[in-house]
Amino acid sequence: MHPVYVRGSAYLTGHQGNQAAAEFQKILGHRGIMLNEPIGALAHLQLGRAYALQGDAAKARAAYQDFLTLWKDADRDIPILQLAKAEYAKLQ
C-alpha cells in the first residue's frame, strides 16, 4: 500500500484531486491490512485534502473528522496533527 500512498500524495502535489482521492480510497478499502500502519490513518487526512481540492467541503470535513478521531489521543504537539486541525478549521 505504500506505493499507492506515494502515488496519491503525488497526485495531491499535482493538484489532481480526483486521482488522489481514488488512491487514498484504495488504502481505506483495505482497512484490515492497514490496521497497524500509519498510512492507514494518514490516508484519511490525505483523502480530506483531496476532497478539499475538488471543492467538496462536506466529504473533506468527514475525512478530516475520521483522521482527528483516530488521532484524538495523540500528542497535541505533533506537527501533522496541528496542521490537520488548522486545515479542518478552515473548512468550517
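Student: Are helix 1 and helix 3 parallel or antiparallel to each other?
Tutor: Helix 1 and helix 3 are roughly parallel (under 35 degrees; over 145 is roughly antiparallel, 65 to 115 roughly perpendicular, the rest oblique). The model is predicted: local features need pLDDT of at least 70 and side-chain atom pairs 80 or more, while totals for chains, interfaces and linings use all residues. Residues are numbered from 1 along each chain as its sequence is written, and side-chain values use heavy atoms, without hydrogens or water.

Student: At what angle do helix 1 and helix 3 pack?
Tutor: Helix 1 (residues 2-13) packs against helix 3 at about 25 degrees, with the axes 11 Å apart. Helices are DSSP runs of H or I, at least four residues (strands, E, at least two), numbered from the N terminus. Axes are fitted to C-alpha atoms, for helices over the stretch in contact, with angles from 0 to 180 degrees between N-to-C directions. The crossing of helix 1 and helix 3 is left-handed (near helix anticlockwise from the far one by less than a right angle; clockwise is right-handed).

Student: Which residues of helix 1 meet helix 3?
Tutor: His 2, Tyr 5, Ser 9 and Leu 12 do, and their partners in helix 3 include Ile 39, Leu 42, Arg 49 and Leu 53. Contact means heavy atoms within 4.5 Å. By class, the residues of this contact are 7 nonpolar, 3 polar and 1 charged (Ala, Val, Leu, Ile, Met, Phe, Trp, Tyr, Cys and Pro are nonpolar; Asp, Glu, Lys and Arg charged; the others, Gly among them, polar).

Student: What about helix 2 and helix 3?
Tutor: The axes of helix 2 (residues 17-28) and helix 3 (residues 38-54) come within 8 Å and cross at roughly 155 degrees, so helix 2 is roughly antiparallel to helix 3. This crossing, too, is left-handed. Among the contact residues are Ala 20, Ala 21 and Phe 24 of helix 2, and Ala 43, Leu 47 and Tyr 51 of helix 3. The contact of helix 2 with helix 3 has 11 nonpolar, 7 polar and no charged residues.

Student: And how do helix 3 and helix 4 pack?
Tutor: Helix 3 and helix 4 pack at about 160 degrees, with axes 8 Å apart, which means that helix 3 is roughly antiparallel to helix 4. Helix 3 passes helix 4 in a left-handed crossing. Leu 45, Gly 48 and Arg 49 of helix 3 take part, as do Ala 63, Tyr 64 and Phe 67 of helix 4, among others. The contact of helix 3 with helix 4 holds 11 nonpolar, 2 polar and 3 charged residues.

Student: What does Arg 49 touch?
Tutor: Not counting residues up to four places away in sequence, Arg 49 touches Leu 12, Tyr 64, Ile 80, Leu 83 and Glu 87. The side chains of Arg 49 and Gln 46 share a polar contact of 2.9 Å (N or O atoms within 3.5 Å; within protein, one able to donate a hydrogen and the other to accept it, residues adjacent in sequence counting only if both are side-chain atoms).

Student: How many aromatic pairs are there?
Tutor: The structure holds 3 aromatic pairs (Phe, Tyr or Trp rings, six-membered for Trp, with centres within 6.5 Å; planes under 30 degrees apart are stacked, over 60 edge-to-face, the rest tilted). Tyr 64 and Tyr 88 form a tilted one, 6.2 Å between centres and 40 degrees between planes. The pair links helix 4 (residues 57-70) to helix 5 (residues 79-91), its members being 24 residues apart.
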